[in-house]
Amino acid sequence: MTSVPVSVLDRSRTRAGESPGTALRNTLERAERADALGFHRFWVAEHHAVPGIASGSPPLLMAAVAARTERVRVGSGGVMLPNHRPIVIAEQARMLEALHPGRIDLGVGRSLGFTAPVRHALGVTEYGPEQFAADLGALEDFLDDAGPVTVMPSEVDSPPVFVLATGSGLRVAAERGLPVVVGGPVLHGDLAPLADYRERFRPSRAHAAPHVIISADILIAPTREEARELMLPEAWAMVESRSTGAFPPLRHEPATRLTARQEEKVEEHLEQAVHGTADDVAEQLSELVARTGAAEVIAFSSTHDRAALARSDEALAGLRLTR
């Protein structure tokens with residue numbers, strides 16, 4: 001049997017009544033705890049002009065996290081290729097690797113801005129699989145010193161690249177021989193996209209075989225009821241975003257009285273999350289790993305109660321998953 005590493009993706013979720021700066025400082029504190037608890041990776045996210053998420057610049061936050069930690073791998077989940085030129089991403093990744101050798105991961109994705117005004121502000125309103133494949137290829141070329149210019153700092157080992165993918169992104173990753181991070185419907189519905197990724201996978205210099213990391217919303221509490229309560233703030237935020245178009249800060253109660261349809265959406269969110277006691281979560285994750293053939297698990301959990309989140313992280317770090 002092979003051990004399955006467990007990691008954390010922190011999105012710097014804001015809380016109602018607190019400043020975004022507080023959310024960023026709490027990300028750093030969570031990273032220090034993750035380092036001490038023995039998590040494999042600690043990743044941060046890129047979201048622009050989203051009230052509920054303070055992190056818009058993964059490289060800057062990664063630098064701060066790496067400086068505050070000693071062992072845990074630090075990465076992006078992920079840098080969005082539509083928003084940056086490949087050479088700039090390569091320069092940032094190499095600089096981080098030069099400062100923190102052997103500890104940097106580069107997760108990339110192709111998501112556009114959350115709303116039309118954000119997409120227009122970023123200057124990208126359309127971005128298809130072909131452009132993603134081209135930009136990903138250019139990024140890898142720069143990292144491999146095969147681009148039209150040499151990215152500085154030179155003579156630095158390039159960090160591994162991971163693709164945050166669904167659908168067409170999985171095919172691009174397979175064709176380039178890259179590991180993938182998948183979540184959401186891929187985990188809880190049709191697994192055909194993962195089978196297609198494995199079938200299409202072309203071995204690369206860095207990866208001889210397909211490598212799948214599953215990303216899930218995971219929270220652990222002493223009882224199932226408490227774990228469900230911890231899941232609700234994120235579920236309420238997701239429901240509110242669908243009606244307002246703005247992903248909000250976390251609250252300890254819904255912003256407004258939920259309609260029957262919104263209550264249904266909350267339940268759908270909870271059904272796709274992994275939560276319960278430590279034994280419950282170990283069983284659910286073991287089933288997910290077995291069903292998807294995943295080699296790693298990364299938790300993007302968040303809740304309004306930071307102390308409860310810290311306790312959940314501690315319990316999650318204590319699980320021993322195998323495949």
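**Close-up views of a predicted protein model**

**View 1. The whole protein at a glance.** Twelve helices and ten strands make up this protein; both are DSSP runs numbered from the N terminus, with at least four residues for a helix (H or I) and at least two for a strand (E). Its radius of gyration is 19 Å, close to the 20 Å that the globule rule gives for 323 residues, so the protein is as compact as a globular protein of that length. (The radius is taken over C-alpha atoms, and the rule is 2.2 Å times the number of residues to the power 0.38.) Along the principal axes, the C-alpha atoms fill a box of roughly 55 × 50 × 40 Å.

A quick note on the model: it is predicted, so local features need pLDDT of at least 70 and side-chain atom pairs count only at pLDDT 80 or more, while totals for chains, interfaces and linings use all residues. Residues are numbered from 1 along each chain as its sequence is written, and side-chain values use heavy atoms, leaving out hydrogens and water.

**View 2. Inside and outside.** Of the 323 residues, 49% count as buried, meaning under 20% relative accessible area (exposed is over 50%, partly exposed is in between; 1.4 Å probe, protein chains only). Take contacts (heavy atoms within 4.5 Å) between residues at least 6 apart in sequence: 75% of them join residues at least 24 apart.

**View 3. Strand E1, tucked away.** Strand E1 covers residues 6-10, and five of its five residues are buried. Where do the residues of E1 point? Val6, Val8 and Asp10 go one way, and Ser7 and Leu9 go the other. That fits a handy rule: in a regular strand the side chains alternate between the two faces of the sheet.

**View 4. The neighbours of E1.** Which strands does E1 pair with? One is E10 (residues 296-299), in the parallel sense over three bridges, and here serine 7 stands opposite isoleucine 298. Another is E2 (residues 41-44), also parallel and over three bridges, with leucine 9 opposite tryptophan 43. Pairing here asks for at least two bridges found by DSSP between the two strands.

**View 5. Alanine 116 in helix H4.** Now hop over to helix H4 (residues 116-122), where you'll find alanine 116. Is alanine 116 buried or partly exposed? Alanine 116 is partly exposed, with a relative accessible area of 35%. Histidine 100 is 16 residues from alanine 116 in sequence, and the two are 37 Å apart in space, C-alpha to C-alpha.
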